[in-house]
Amino acid sequence: MPETIDCPKCQRKLRVPEELMGQAVQCPTCGAMFTAATPAPARPTGPVFTEETPWEQRAREKKAPPYIPAHEVEGQVPEGYGNWERFPRRRLDALPHRGALILTLGILSLVICGFLGPVAWIMGNNDLKEIKSGRMDREGEGLTQAGRICGIIATIFMVVGCVFYCAIFGMMGMGCAFK
């Protein structure tokens, strides 16, 4: 049965087979070489982690996991990295995108309430800046762009409609003044 030990450099929990105990092993995360020894049992002071995945460790350390697409790993996924085909673009260090919200606001501004057009336009501009700077998840770029465009179109329709109604009411007012 494999033993769970900590890497002395990065503190990652590693499962080492019994036949490798007492021999030099290499940490797959940081590359440090050390002798695998059974740790002395310590009295837990807080929550006890029996086994920690790399995602949990990096979330705890608040560091970004490296993004390694499955096609660049040449058919092999590094140990402990999970299934890259299943979650190919998830980044823990980036803010989640709001593309669906912006697209919904853009469509609503076209169909029902035009005053949401500037909201979708401004939110779309801000989120696209965040996406381009790398602080927001790139997966929502298409949705954000589509919602922004719908917001721009709805804003233009709203401005043209306001000018049209002002002209109509102005002509009606002028018509009443000349009677």
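Select Arg 135 and Glu 130 to begin. In this predicted model, their side chains meet in a salt bridge, with 3.0 Å from N to O. Side chains of opposite charge can pair when their charged atoms come close. Colour the two residues by accessibility: Arg 135 is partly exposed at 47%, and Glu 130 is partly exposed too, with a relative accessible area of 22%. The structure holds five salt bridges, and the next stop shows others.

**Lys 132, Arg 138 and Glu 141**

Add Glu 141 to the selection, then Lys 132 and Arg 138. The side chain of Lys 132 meets that of Glu 141 in a salt bridge, at 3.6 Å from N to O. Glu 141 also forms a salt bridge with Arg 138, where the closest N and O atoms are 3.1 Å apart. Through these shared partners, Lys 132, Arg 138 and Glu 141 are joined into one network.

How exposed is each member? Lys 132 counts as exposed because its relative accessibility, 59%, is over the 50% cut-off. Arg 138, at 44%, counts as partly exposed. Glu 141 is partly exposed as well, with a relative accessible area of 24%.

**Thr 144 in helix α4**

Now select helix α4, residues 141-177, and find Thr 144 in it. Is Thr 144 buried or exposed? Thr 144 counts as buried, since its relative accessibility is 0% and the cut-off for buried is under 20%. To see what surrounds Thr 144, show its contacts beyond four places in sequence: Gly 99, Ile 102, Gly 124, Asp 127, Leu 128 and Ile 131.

**The nonpolar patch**

Keep α4 on screen and turn on the surface. Select Ile 107, Leu 108, Leu 110, Val 111, Ile 112, Ile 149, Ile 153, Ile 156, Phe 157 and Val 160, which form a nonpolar patch on the surface. Together these residues have about 910 Å² of accessible area. The elements that give two or more residues to the patch are α2 and α4. Which element gives the most? It is α4, with five residues.

Pick out Ile 112 within the patch. Ile 112 lies in the loop between α2 and α3, the latter spanning residues 116-133. With a relative accessibility of 64%, Ile 112 counts as exposed.

**The strands at the N-terminal end**

Move to the start of the chain and select strand β1, residues 3-6. β1 runs antiparallel to β2, and four bridges join the two. For one position in this pairing, select Asp 6, which stands opposite Lys 13 in β2. The two strands form a hairpin with six residues between them. In the turn, click on Gln 11, which has a positive phi of about 65°.

**Gly 22 in the next loop**

Continue along the chain to Gly 22, in the loop between β2 (13-16) and β3 (24-26). Gly 22 is exposed, with a relative accessible area of 55%. Leaving out residues up to four places away in sequence, Gly 22 touches Thr 35 and Ala 36. Draw a distance from the C-alpha atom of Gly 22 to that of Thr 38: the two are separated by 8.4 Å, although they are 16 residues apart along the chain.

**The whole chain**

Zoom out and colour by element. The protein chain has four helices and four strands, and from the N terminus on they run β-β-β-β-α-α-α-α. Of its 179 residues, 26% count as buried. The accessible surface comes to about 12,500 Å², of which 62% belongs to carbon and sulfur atoms. Among contacts between residues at least 6 apart in sequence, 48% join residues at least 24 apart.

**Confidence**

Finally, colour by pLDDT. The chain averages 78, and 68% of the residues score at least 70. Which elements have the lowest and the highest mean pLDDT? Helix α1, residues 54-61, has the lowest at 66, and helix α2, residues 99-111, the highest at 94. Select residues 84-88 last: over this stretch the pLDDT is below 50. The stretch has nine contacts in the model beyond near neighbours in sequence. Where pLDDT is low, the predicted coordinates should not be read in detail.

Terms used:
Residues are numbered from 1 along each chain as its sequence is written. This is a predicted model: local features need pLDDT of at least 70, side-chain atom pairs count only at pLDDT 80 or more; totals for chains, interfaces and linings use all residues. Side-chain values use heavy atoms; hydrogens and water are left out. Buried means under 20% relative accessible area, exposed over 50%, partly exposed in between (1.4 Å probe, protein chains only). Contact means heavy atoms within 4.5 Å. A salt bridge is a side-chain nitrogen of Lys or Arg within 4 Å of a carboxyl oxygen of Asp or Glu. pLDDT is the predictor's confidence in each residue, from 0 to 100. Two strands pair if DSSP finds at least two bridges between them. Patches are made of residues with over 30% relative accessible area and no salt bridge: like charges are joined within 9 Å, nonpolar side chains (Val, Leu, Ile, Met, Phe, Trp, Tyr) within 5 Å. Accessible areas come from the Shrake-Rupley method with a 1.4 Å probe; for residues, only the protein chains shown count as cover.
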